[in-house]
Amino acid sequence: MALGKYTRVEGRKSSSGYCSTVTLVAFVALCLVGVWMLASSSNPIQNVDLPAEKQKDDVKQEVKDLNEGNTKQFEDNSGDLPEDATKRDNNINMSQDENNTPEKTNENVTEEKQDEKTNESSGQGGKSDQQIKAETENEVKKKEEVEPKKEDGDLTTPVQQKDSEEGSGENKSESENNERTEENSTEIKEDKEKSQTEESVEQTQSDESSKDKEDGKSKDQGSKELLPSGAQAEILNETTTQAGSFSTQATESKNEKGVLKSSESNQEAGFSWKLCNTTAGPDFIPCLDNLDAIRHLRTTKHYEHRERHCPEEPPTCLVPLPDGYRRPIEWPKSREKVWYNNVPHPKLAEVKGHQNWVKVSGEYLTFPGGGTQFKHGALHYIEFIETILQKQGIDFTWGKSSRVVLDVGCGVASFGGFLFEKDVLTMSFAPKDEHEAQVQFALERGIPAISAVMGTKRIPFPGMVFDVVHCARCRVPWHIEGGKLLLELNRVLRPGGLFIWSATPVYQKQDEDVGIWKAMSQLTKSMCWELIAKDKDRVNGVGVAVYRKPSSNECYERRSKSEPPMCQQSDDRSAAWNVPLQSCMHKIPLGDSERGSHWPEQWSTRLEKPPYWLTSSQIGVYGKAAPEDFKADHEHWKRVVSQSYLNGMGISWSTVRNVMDMRAIYGGFAAALRDLNIWVMNVVSIDSADTLPIIYDRGLFGIYHDWCESFSTYPRSYDLLHADHLFSKIKQKCNFPGLVAEVDRILRPDGKLIVRDNVEVISELEGMLRAMQWEIRMTYSKDKEGLLCAQKTIWRPKEAEILTYAIA
């Protein structure tokens with residue numbers, strides 16, 4: 001058995017003459033194995049059983065002692081891969097899943113020395129040289145006859161690709177030096193593969209550039225679990241996911257508003273990228289900057305011009321960078337300041353500087369933490385809200401029962417930014433309007449936000465998911481048109497949830513304010529919202545009113561007038577994709593197994609436990625009973641993130657703040673990252689199982705989206721994008737290059753993209769990313785499934801493409 005170069009086997013001594021003889025025999029045996037390898041079309045060498053029973057027992061015991069306590073690295077199935085779908089530079093095999101699957105895996109590791117092979121041979125007891133040679137040849141023949149050809153997962157980095165071109169012959173000889181007995185590898189594979197994988201990755205990455213070293217400090221820890229195996233195989237192959245007992249958002253919304261039209265065009269990959277020429281320039285948002293569609297609107301009375309108007313085909317050009325763009329400042333410093341050149345918009349500082357929204361300070365934009373209603377800081381304002389509720393005897397503590405908040409008309413999102421200190425996640429949104437780049441400021445600061453407006457359509461969130469909804473001078477006329485906009489907040493607010501309203505009608509006595517307060521009082525009473533607190537903050541000089549949504553239907557049934565009316569029983573409160581607003585209220589669910597009938601458990605217990613309304617009679621996305629499905633997904637992503645993403649990708653997570661899971665299922669990926677200083681936008685595709693309510697009940701957040709269209713965010717919003725079997729689905733239904741261009745648009749330079757998909761899609765995507773001058777940091781493929789990690793660069797094409805619909 002060939003041990004790793006840092007492994008010792010002590011206590012074996014023999015005469016120098018005997019060692020020389022055994023060395024010669026071992027060399028002959030290796031030559032025979034080399035001939036066999038060439039005859040086997042360069043497939044990875046299978047384990048060769050050496051018949052030394054004594055040596056096997058000794059090595060087994062000593063290596064287990066040396067490596068006791070090490071954990072396993074990978075959990076993968078072995079299997080054949082098509083040659084054109086894999087990289088052949090270095091074959092690093094992954095160890096088995098902790099579930100006792102019968103398959104064994106092998107590992108080829110570089111830089112093992114010939115004299116270590118000699119040491120192994122010297123411990124074979126009293127076997128003669130002829131016996132050793134004959135038995136070795138017999139075992140090789142048996143392996144050739146009995147075992148099928150096997151190719152393990154291939155892991156490549158740019159450095160490994162270069163090394164392969166320069167010395168493929170050397171790799172062969174190194175592989176020959178890595179034979180080991182099958183029985184011994186069974187016993188020590190978990191510990192030994194870890195150390196040998198580390199040696200291999202360290203060797204191949206020794207020539208990394210200084211830039212790679214900065215973001216790749218953890219590469220030397222080796223590759224971790226990339227694709228699962230055994231009992232986890234059904235989790236891996238997400239192309240087989242189903243809706244189970246969950247409907248899809250597309251179906252829900254279709255039933256509400258009619259047939260959704262989706263783009264079905266498809267373009268061939270293999271083309272050169274161009275630079276988008278638009279009026280918005282570096283800030284181009286395709287579905288919000290479709291100026292041609294906006295010009296043809298019949299009316300803008302209800303903010304129709306701020307809503308999404310996507311072009312018929314998503315753009316396939318790349319958005320330019322602003323002049324002088326720099327790598328964003330890291331969190332938490334970014335909450336207080338960002339580079340001016342990254343978001344070069346001084347207008348908001350001129351208009352709102354006196355309210356401490358944002359100020360220009362040399363090469364920085366600074367954020368004192370204020371807002372229109374909290375000039376002296378958001379943190380004081382947040383604690384003031386908690387105080388006035390507790391004074392009224394309300395059991396309220398930020399970050400416990402109130403975990404997920406919606407901030408309407410968020411400005412630069414300082415409210416949400418400081419709620420992080422209370423362990424609260426805030427979904428902030430505001431329109432792309434005359435308050436220039438307010439959402440872009442928020443995202444550059446590292447605070448969650450999207451560009452959206454309360455206009456004529458439902459906001460893209462499920463019903464009954466937010467614990468708290470907040471509006472501080474958000475400029476939304478809640479009281480008009482029968483309270484249609486406030487009724488939309490009622491839809492997304494949990495039964496028993498709070499609406500916090502801080503605006504001039506709460507505390508000023510001007511005629512207009514008094515009139516609005518009177519109208520709001522009548523409206524909220526008719527909606528059965530209870531005013532539980534109203535007080536004035538002496539520091540900021542503003543007042544706050546807090547309302548609570550009912551948790552039963554008693555008040556609805558006691559109303560003398562049915563205004564606003566109750567929604568039809570057929571109306572789906574979670575249908576939210578391009579669905580028109582409706583002026584009605586949904587009944588409160590009462591059944592013990594109905595979602596919304598009980599408040600979720602406190603944070604962070606709710607993160608790991610299946611919601612109470614998931615029952616065993618429901619079929620989950622992966623085909624198991626829903627609670628088991630949830631748990632399997634949670635454990636899967638916890639293992640993948642801890643054993644692969646955090647240590648095996650070469651990602652410096654201290655530089656990562658804004659993350660998006662482009663195809664979230666139960667939110668397992670986001671849950672696995674909870675201990676990091678990041679936030680994750682969970683995106684549930686409208687044609688996937690509608691699992692977004694589960695994500696919210698876990699204390700996470702997300703949004704519905706159709707990836708045939710552009711996302712409602714500014715360019716350069718995210719540090720890391722994660723896409724699990726998304727690209728293959730988009731390739732089947734709409735514009736594949738359009739999605740690739742969208743990924744480039746919303747990802748920051750130096751940002752990372754992690755893709756898990758089938759090898760055909762991975763291969764095609766890799767080619768398109770290379771055409772954009774992205775750095776391919778790693779590819780891995782196994783059993784026709786693949787993984788890719790790539791990094792965006794600052795490269796932009798010189799040739800431009802004019803998008804006529806986006807020109808003023």
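In these legends a residue is called buried under 20% relative accessible area, exposed over 50%, and partly exposed in between, with a 1.4 Å probe and protein chains only as cover. The model is predicted, and local features need pLDDT of at least 70, side-chain atom pairs count only at pLDDT 80 or more, while totals for chains, interfaces and linings use all residues. Residues are numbered from 1 along each chain as its sequence is written, and side-chain values use heavy atoms, with hydrogens and water left out.

**View 1. A nonpolar surface patch that includes Leu24.** Leu24, Phe27, Val28 and Leu32 together make a nonpolar surface patch of about 350 Å². Such patches are made of residues with over 30% relative accessible area and no salt bridge, where like charges are joined within 9 Å and nonpolar side chains (Val, Leu, Ile, Met, Phe, Trp, Tyr) within 5 Å; the areas come from the Shrake-Rupley method with a 1.4 Å probe. Leu24 has its place in helix α1 (residues 16-39), helices being DSSP runs of H or I with at least four residues and strands being runs of E with at least two, numbered from the N terminus. Leu24 counts as exposed because its relative accessibility is 56%.

**View 2. A salt bridge within helix α11, between Asp292 and Arg295.** A salt bridge is a side-chain nitrogen of Lys or Arg within 4 Å of a carboxyl oxygen of Asp or Glu, and a search of the whole structure finds 30 of them. In the pair formed by Asp292 and Arg295, the closest N and O atoms are 4.0 Å apart. Because these two residues are 3 residues apart in helix α11 (residues 291-295), about one helical turn separates Asp292 from Arg295. Asp292 is partly exposed at a relative accessible area of 34%, and Arg295 is partly exposed at 49%.

**View 3. A salt bridge between Lys391 and Asp535.** The closest N and O atoms of this pair, Lys391 and Asp535, are 3.3 Å apart. Lys391 lies in helix α13 (residues 378-391) and Asp535 in strand β11 (residues 530-537), so the salt bridge ties together parts that are 144 residues apart in sequence. With 58% relative accessibility Lys391 counts as exposed, whereas Asp535, at 25%, counts as partly exposed.

**View 4. A salt bridge between the buried residues Asp744 and Lys792.** Here the closest N and O atoms of Asp744 and Lys792 are 4.0 Å apart. Since Asp744 lies in helix α25 (residues 736-746) and Lys792 in the loop between β19 (785-791) and β20 (800-802), the pair ties together parts that are 48 residues apart in sequence. Both Asp744 and Lys792 are buried. Elsewhere, Asp467, Arg494, Arg606 and Asp697 are joined into one network by salt bridges that share partners.

**View 5. Helix α15, which is mostly covered.** In helix α15 (residues 438-445), 8 of its 8 residues are buried, among them Val439, Phe441, Leu443 and Glu444. Gly446, which follows α15, has a positive phi, near 95 degrees.

**View 6. An open antiparallel sheet of 3 strands.** The strands of this sheet follow the order β3-β5-β4, and two strands are taken to pair if DSSP finds at least two bridges between them. At the edges are β3 (337-339) and β4 (359-361), each of which pairs on one side only. Strand β5 (residues 364-366) runs antiparallel to β3 and is joined to it by 3 bridges, and Lys337 has Thr366 in β5 as its bridge partner.
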